[in-house]
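Let's take a walk through this structure together. Have the sequence and the 3D view ready, and follow along one stop at a time.

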Amino acid sequence: MCISACPFSASLSAAEYEEIEWTALMPASDLAALLDPPDYLSNVKDGSQQDSVKAFTQNSFEDEKTERFKQALSSVQVIPEFDGRSIKIPGYVVPLQQNEEKLVTEFFIVPYFGACLHMPPPPPNQIIYVSYEQGLKLEDLQQPFWFEGEVEIQTRQHELGTAAYTLNVDRYELFE
């Protein structure tokens, strides 16, 4: 079953949304650092005091690899060419605000379920902020969606995380 929040606008057709991968939103240097995590992390037990970004970022490390990984975790570096681009991207919803009808009106789109809750969360350049006045009906946090809209490079902060991109959503549907 597909849920369509709103029809395509007359000015945009499905062919005009570029389907992208999440990694396209981050600089290659950030991606390389995140794909090569420091050995330190493999020794951290799930749920321990050290199993948080805060604990990790408060530690100081002497080796360059760990420092670069730490920087990539909080990177707001973006790909400027995405500003104003119409994209289609899959993702999960992290609700930030809902209206009286229990529709989600502000949320983050993240690349995997549980992001913003587990260590490490995605860096800001892997989180997209959405303000969607019409509201999105969210029945299950584990349900992925396709989102289509225009990207703005604009950093948004919330207690659950920081997003380096904003998406003006034109359309969404369940990912099947």
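**Starting in the strands**

Phenylalanine 107 stands opposite valine 130 in β4. Before going on, a word on ground rules: this is a predicted model, where local features need pLDDT of at least 70, side-chain atom pairs count only at pLDDT 80 or more, and totals for chains, interfaces and linings use all residues. Residues are numbered from 1 along each chain as its sequence is written, and side-chain values use heavy atoms, with hydrogens and water left out.

Names like β4 come from DSSP runs, numbered from the N terminus: helices are H or I runs of at least four residues, and strands are E runs of at least two. Two strands pair if DSSP finds at least two bridges between them. Strand β3 (residues 104-110) and strand β4 (residues 128-136) run antiparallel, joined by five bridges. On β2 (residues 86-98), β3 pairs in the antiparallel sense too, over six bridges. Look there for valine 94, whose bridge partner in β3 is phenylalanine 108.

How many residues of β3 are buried? Six of its seven, so to speak of it as mostly covered is fair, given that buried means under 20% relative accessible area, exposed over 50%, and partly exposed in between (1.4 Å probe, protein chains only). Threonine 105 sits in this strand and counts as buried at 13% relative accessibility. Contact here means heavy atoms within 4.5 Å. Leaving aside neighbours within four places in sequence, threonine 105 is in contact with several residues, including Gln97, Asn99, Val130 and Tyr132.

Now slide to the loop between β2 and β3, where you'll find lysine 102. The hairpin has five residues between its strands. Lysine 102 has a positive phi of about 65° although it is not a glycine. Is this residue buried or exposed? Lysine 102 is exposed, with a relative accessible area of 58%.

**Into the core**

In soluble globular proteins, nonpolar side chains tend to be buried together. A nonpolar core, as used here, is a set of buried Ala, Val, Leu, Ile, Met, Phe, Trp, Tyr and Cys residues joined through side-chain atoms within 4.5 Å. The largest one has 24 residues, and those with the most contacts inside it are Phe107, Ile128, Phe147 and Leu167. The elements giving two or more residues to this core are β2, β3, β4, β5 (145-158) and β6 (161-174). Its largest share, six residues, comes from β6.

Phenylalanine 107 is worth another look. Not counting residues up to four places away in sequence, phenylalanine 107 touches, among others, Val93, Ile128, Val130, Tyr132 and Phe147. A second, separate core has eight residues, among them Tyr92, Val94, Leu96 and Tyr129.

**Rings in company**

A pair of aromatic rings is described by the distance of the centres and the angle of the planes. Rings of Phe, Tyr and Trp (its six-membered ring) pair if their centres lie within 6.5 Å; planes under 30 degrees apart count as stacked, over 60 as edge-to-face and the rest as tilted. Searching the whole structure turns up eight aromatic pairs. One of them is the edge-to-face pair of tyrosine 132 and tyrosine 172, at 5.9 Å centre to centre with 80° between the planes. This pair links distant parts of the chain, with tyrosine 132 in β4 and tyrosine 172 in β6, 40 residues apart. Tyrosine 132 is buried at a relative accessible area of 2%, and tyrosine 172 is buried at 4%.

Tyrosine 172 also pairs with phenylalanine 147: the ring centres are 6.4 Å apart and the planes at 35°, so this pair is tilted. Because phenylalanine 147 lies in β5 and tyrosine 172 in β6, the pair ties together parts that are 25 residues apart in sequence. Phe107, Tyr132, Phe145, Phe147 and Tyr172 form one aromatic cluster.

**A buried aspartate**

Last stop: helix α1 (residues 28-34), home of aspartate 30. Aspartate 30 is buried, with a relative accessible area of 0%. Which side chains make polar contacts with that of aspartate 30? Serine 75 does so at 2.5 Å, and asparagine 125 at 3.0 Å. A polar contact is a pair of N or O atoms within 3.5 Å; within protein, one must be able to donate a hydrogen and the other to accept it, and residues adjacent in sequence count only if both atoms are side-chain atoms.
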